[in-house]
Amino acid sequence: MLLSDTLTPAGHGQLGKIISPLSLSPSFSSRPLRYAVLGAGFAGLSVTWHLLKKSPKEKEMRIDIYDEVGIGGGASGISGGLLHPYSPKAKLLWRGAECWKESLMLLNVAEAAARLSGVDDSDDSFIVRRRGILRPAANTKNLIVLTDNAQNYDASCRIETIDEDTAQKLVPKIHVPFNPAFYMPEAVNVHPLRYLQALFLACQNVVNESSTSSHGQKELYLHKKSVQNLLELEGDGEYDAVIICLGAKADMLPELSGRLPLRTCRGVIAHLQLPANIREEYPDYAPSILSDAWLAIQGSRSLYMGSTWEWKSRNSNPNVSVDEASKALQELLPKVSAFYPAIKDWTFTKANAGLRAMPPLTAHGSLPLLGCVNYFVGENVAGKYWLFGGLGSRGLLYHAWLGNLMAQAVISCNEQLIPSELTAWKNINR
């Protein structure tokens with residue numbers, strides 16, 4: 001059974017508290033599992049998908065997703081969508097190869113679901129644009145670092161060192177002020193909102209398939225409402241687990257406020273189009289571009305340009321004022337003009353913004369925050385409350401692999417399934 005965000009959620013029964021799987025009694029194990037997922041962005045939909053796929057087939061299960069703005073309405077849905085496993089210095093990120101592989105697999109799942117439902121998959125309505133990413137160096141120091149690190153690429157996402165002539169064959173009007181440039185042919189550009197909508201379709205398909213099988217039935221409910229505090233969920237019945245996937249808004253829950261090592265950062269992304277009087281379009285074969293700023297190509301006459309970084313902002317409103325948009329253009333256009341002078345021919349149409357939840361820097365880089373947070377919430381039941389947050393600007397890379405890990409940890413009530421690097425933040429913040 002599935003309810004969309006346009007229907008009234010069904011009533012809730014009272015369920016017992018979770019205990020260790022090793023001590024499950026027959027009466028307890030026969031009742032349905034029930035999970036609440038707070039947030040319908042990259043983290044929330046990834047963990048929902050993996051809960052549906054990883055739970056025992058014979059078990060009945062219900063998942064309630066809570067998000068006041070629906071699927072992809074937060075920072076995930078307006079992100080740039082440039083996907084590759086490398087840092088700004090072209091170093092392979094911590095567990096980058098695994099994350100890259102899992103993300104591509106989940107993208108394939110979403111595309112398959114979209115095709116099955118008859119969603120338009122033309123170039124102007126893509127979920128994944130497979131044209132690679134071109135990376136010109138921003139300065140001499142950056143060039144030296146990129147040249148050195150590019151030699152140690154992962155085979156599944158190559159980094160090719162190319163001269164300016166070759167770069168101009170990829171993007172005819174590109175300028176490479178610091179030769180050479182770096183090209184990642186396997187890197188992709190994702191349309192985040194279409195992807196998340198398609199991933200939700202994939203979750204719906206799993207639920208629908210369960211209704212016609214001999215295995216346990218799955219249920220999925222999307223509630224377009226905000227959760228102001230975790231105690232609200234007690235009124236909706238007892239959940240086996242609550243997974244908090246709220247991004248920057250996780251710190252706004254009273255139970256977690258001031259206890260998460262997250263910094264917030266608002267980013268503005270500008271949408272530009274070629275006016276009708278400009279005939280020469282951006283080539284269909286040409287890659288997106290990543291440098292001091294980036295261009296995420298949406299079609300031959302449409303692109304996204306980003307992004308600004310307003311640290312310590314608490315503004316999660318996706319709408320951008322005229323003044324904020326003007327300041328963003330003043331910041332971004334000079335950076336883009338340095339490697340793509342033809343941006344002067346493009347016309348600004350609108351802007352959106354998202355509030356990122358940036359995790360602290362560790363010896364392994366800036367890693368997301370995962371783990372059981374009962375200690376912070378004040379609940380003594382093992383495995384009840386879980387955090388999946390702090391994805392920062394790399395949510396698209398991390399979400400699939402970590403959603404898989406989180407789902408397995410939640411189902412088995414075993415935090416040790418999550419790498420210690422991702423739970424170490426709790427030792428500092430208790």
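Colleague: Which residue in β8 is the bridge partner of Leu134?

Modeller: Quick heads-up: this is a predicted model, where local features need pLDDT of at least 70, side-chain atom pairs count only at pLDDT 80 or more, and totals for chains, interfaces and linings use all residues. Residues are numbered from 1 along each chain as its sequence is written, and side-chain values use heavy atoms, with hydrogens and water left out. Strand β6 (residues 133-135) runs antiparallel to β8 and is joined to it by three bridges; two strands pair if DSSP finds at least two bridges between them. In β8, the partner of Leu134 is Tyr183.

Colleague: And which residue in β8 stands opposite Ile162?

Modeller: Strands here are DSSP runs of E with at least two residues, and helices are runs of H or I with at least four, numbered from the N terminus. β7 also runs antiparallel to β8, with three bridges between them. Opposite Ile162 stands Ala181.

Colleague: Are the residues of β8 buried or exposed?

Modeller: Buried means under 20% relative accessible area, exposed over 50%, and partly exposed in between (1.4 Å probe, protein chains only). In a regular strand the side chains alternate between the two faces of the sheet. In β8 (residues 181-184), Ala181 and Tyr183 point one way and Phe182 and Met184 the other. Whichever way they point, all of them are buried.

Colleague: Which strands stand at the edges of the open three-stranded sheet?

Modeller: The order in that sheet is β4-β9-β5, paired antiparallel. An edge strand has a single partner, so one side of it is left without a neighbour in the sheet. For instance, β5 pairs with β9 (residues 188-190) over two bridges, and Arg129 has Asn189 in β9 as its bridge partner. The edge strands are β4 (82-83) and β5 (128-129).

Colleague: Which residue in β10 is the bridge partner of Tyr66?

Modeller: β3 (residues 61-66) and β10 run parallel and are joined by six bridges. β10 (residues 218-223) is mostly covered, with five of its six residues buried. The partner of Tyr66 there is His223.

Colleague: How far does helix α3 reach from its first C-alpha to its last?

Modeller: α3 (residues 96-117) has 22 residues. The expected span of a helix is 1.5 Å times one less than its number of residues. For α3, the reach is close to that expected value, and it comes to 32 Å.

Colleague: Which residue follows α3, with a positive phi near 85°?

Modeller: Let's look at the helix before that. Its buried residues include Trp100, Leu106, Leu107 and Ala110, and what covers the buried ones includes α2 (42-54), α6 (192-210) and α9 (395-412). Just after α3, with that positive phi, comes Gly118.

Colleague: Which helix gives the most to the largest nonpolar core?

Modeller: A nonpolar core is a set of buried Ala, Val, Leu, Ile, Met, Phe, Trp, Tyr and Cys residues joined through side-chain atoms within 4.5 Å. The largest has 81 residues, and those with the most contacts inside it are Tyr195, Ile243 and Phe388. With eleven residues, the helix that gives the most to this core is α9.

Colleague: What is the relative accessible area of Leu260?

Modeller: Leu260 lies in the loop between β11 (241-244) and β12 (263-273). Leaving aside neighbours within four places in sequence, Leu260 is in contact (heavy atoms within 4.5 Å) with Ala250, Asp251, Leu387 and Trp425. Its C-alpha is 9.6 Å from that of Gly389, although the two are 129 residues apart in sequence. Leu260 counts as buried because its relative accessible area is 7%.

Colleague: Is Asn152 buried or exposed?

Modeller: Asn152 sits in the loop between α4 (140-149) and β7 (160-162). From C-alpha to C-alpha, Asn152 and Ala90 are 8.9 Å apart, with their positions 62 residues apart in sequence. At 57% relative accessibility, Asn152 counts as exposed.

Colleague: Over which residues is the pLDDT below 50?

Modeller: pLDDT is the predictor's confidence in each residue, from 0 to 100. The chain's mean is 90, and 90% of its residues reach 70 or more. Where pLDDT is low, the predicted coordinates should not be read in detail. The stretch with pLDDT below 50 is residues 1-28.
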